Amino acid sequence: MSCATDHSHFAPYEQSDAALLDVLTASAKPTPKAVFVRRDAALDPLLIAAAAASGPQVTRNHYHHDFFPGVMMPKHEGSYDWTKFTGDEKSQRKRLTYVSRQAPRRQRLRDLAPDHGKENNPYDGEQGPTKSSDFLAKKRHLSLVTPNHDGTQRTTVLSPSVSVPIAPTLPPIEVKCMARTRIPTPHGPAFLHLYHNNRDTKEHLAIVIDPAQLSDSSSPTAAPPIRSRTLDAIWEGETEMDRITRGAYVGRLSATSQRVSEPPSASSKHEYNPTIPSPLIRIHSECFTGETVGSMRCDCGEQLDEAIRQISLPITIRSSPHSRPNVIPGRGAVVYLRQEGRGIGLLSKIRAYNLQDLGHDTVTANLMLGHQADERGYEIAGAILRDLGLGETDSEGVRVLTNNPDKVEALQKEGLRVVERIPMIPRSWQQRHPEFLNKPMTESNVGIVHPGEEFDMNTGVTMIGGKAVYGNDLDKYLRTKVVKMGHILPLWMEEELS
């Protein structure tokens with residue numbers, strides 16, 4: 001037996017070993033550049049599942065979506081195949097339409113304002129004259145009837161799902177004079193009254209001109225004093241010093257004179273003298289631009305000064321045609337309402353001025369901003385006058401300084417007795433037509449500044465003072481108020497503007 005071994009059948013393995021040895025002993029190859037490993041799979045599992053579970057008609061975007069009943073559910077077998085899906089006729093899917101849960105703005109504002117909405121008449125769920133609610137949105141009176149292009153009208157119908165608030169019933173308006181003080185003005189002394197009410201959070205004012213209250217002497221021809229009933233009333237838990245501090249005193253207040261006023265009573269009502277003219281009043285709305293800045297776009301600053309001047313003029317009375325005339329101090333009041341820009345507020349008023357510079361008038365500018373031409377209210381003014389004992393039906397009545405007949409109508413609607421309307425002719429118009437100044441002094445033209453009248457035109461209570469407001473802006477503004485708002489003024493500059 002030969003000891004030699006036949007290794008011919010190991011030859012292939014020897015060749016593979018040699019190849020492996022070549023790989024292991026070969027020179028090192030360059031290291032490949034390091035890269036981030038892909039995080040997503042080479043094939044989208046969702047795509048694979050959709051293709052495998054549904055069919056060729058369903059893509060990844062349709063897979064188990066809600067375009068049709070659930071896929072792979074026995075109840076809806078065949079729904080994934082559009083050639084087999086017929087839908088459920090009994091419970092067909094409801095087509096939903098987007099419906100706002102909030103009514104249109106003009107509808108909400110209209111429902112908040114049953115009486116055409118006034119800035120000083122927001123809704124208040126809180127009672128009492130000294131507690132005011134949060135000021136609600138200003139209200140607009142906009143019709144829901146919209147004209148079609150063919151000339152007919154269509155009415156906007158709200159969706160049943162829209163919740164429309166029901167306007168609450170407002171309580172009777174109440175005002176309370178919180179404080180009173182004496183203020184010296186260029187035209188004489190006056191008493192400033194500050195009021196709170198149960199309709200808004202604004203502090204409305206009353207400027208009472210009644211210098212006779214500062215005199216301790218009484219005259220048989222003296223007119224009844226103009227005093228606030230809520231101010232003179234005794235408040236709970238207050239002392240005499242508390243009453244004096246808030247202004248419930250009589251006479252002139254000083255370090256040596258401190259007389260507390262008596263609370264009002266039915267027996268203390270004064271009888272008015274028919275020979276004394278009725279008190280002269282004005283309902284004036286706040287105007288920051290005209291009164292404080294001195295803007296001549298309007299005559300508000302001039303009107304406020306002129307109203308206080310006219311009310312302060314002495315009154316000449318005669319008990320008989322042949323008796324000696326007796327002169328008493330002027331008397332009346334200016335009710336100052338905080339309703340800027342005819343009720344639209346200072347922000348909208350400034351925007352309206354820009355629209356006026358573009359060529360629109362004051363009425364059109366308000367309408368373009370979504371407001372009414374005039375959003376003022378006079379309910380609070382009526383309550384303040386009643387608190388002062390002015391204009392009551394069984395009293396002497398009041399004379400109203402205004403060119404606006406709507407003010408007279410509003411005061412009469414509040415139950416006040418208006419015996420006369422006194423016009424307020426702008427001073428620049430009087431100077432433009434001097435022939436108007438030659439008319440005799442009567443109650444109808446008491447506001448005219450006559451030649452030789454002792455009056456310093458350089459003094460006044462506003463930025464304009466006793467001077468006259470003038471300019472093209474003023475003429476256009478007043479002309480719009482006459483033509484579009486019904487104010488009673490002669491259009492003397494009509495020829496100049498035409």
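Here is a short question-and-answer session about a helix and a surface patch in a predicted model.

User: Which residues of helix α11 (residues 405–413) are buried?
Analyst: Happy to help! This is a predicted model, where local features need pLDDT of at least 70, side-chain atom pairs count only at pLDDT 80 or more, and totals for chains, interfaces and linings use all residues. Residues are numbered from 1 along each chain as its sequence is written, and side-chain values use heavy atoms, leaving out hydrogens and water. Taking buried as under 20% relative accessible area, exposed as over 50% and partly exposed as in between (1.4 Å probe, protein chains only), the buried ones in α11 are K407, V408, A410 and L411.

User: Why do the buried residues count as being on the same side of α11?
Analyst: Good question! The arc is taken from the directions that run from the helix axis to the C-beta atoms. K407, V408, A410 and L411 are the buried residues. They lie on the same side of α11 because they cover an arc of only 165 degrees.

User: Which exposed residues does the face of α11 turned away from its buried side carry?
Analyst: Turn the helix over in your viewer. On the face away from the buried side, the exposed residues are E409 and K413.

User: Which residue caps the N-terminal end of α11?
Analyst: Look for a side-chain oxygen 3.0 Å from the backbone nitrogen of D406. The capping residue that supplies this oxygen is N404.

User: Is F288 buried, partly exposed or exposed?
Analyst: Start by finding F288 in helix α6. Its relative accessibility is 37%, so F288 counts as partly exposed.

Methods:
Helices (H or I, at least four residues) and strands (E, at least two) are DSSP runs, numbered from the N terminus. A polar contact is a pair of N or O atoms within 3.5 Å; within protein, one must be able to donate a hydrogen and the other to accept it, and residues adjacent in sequence count only if both atoms are side-chain atoms.
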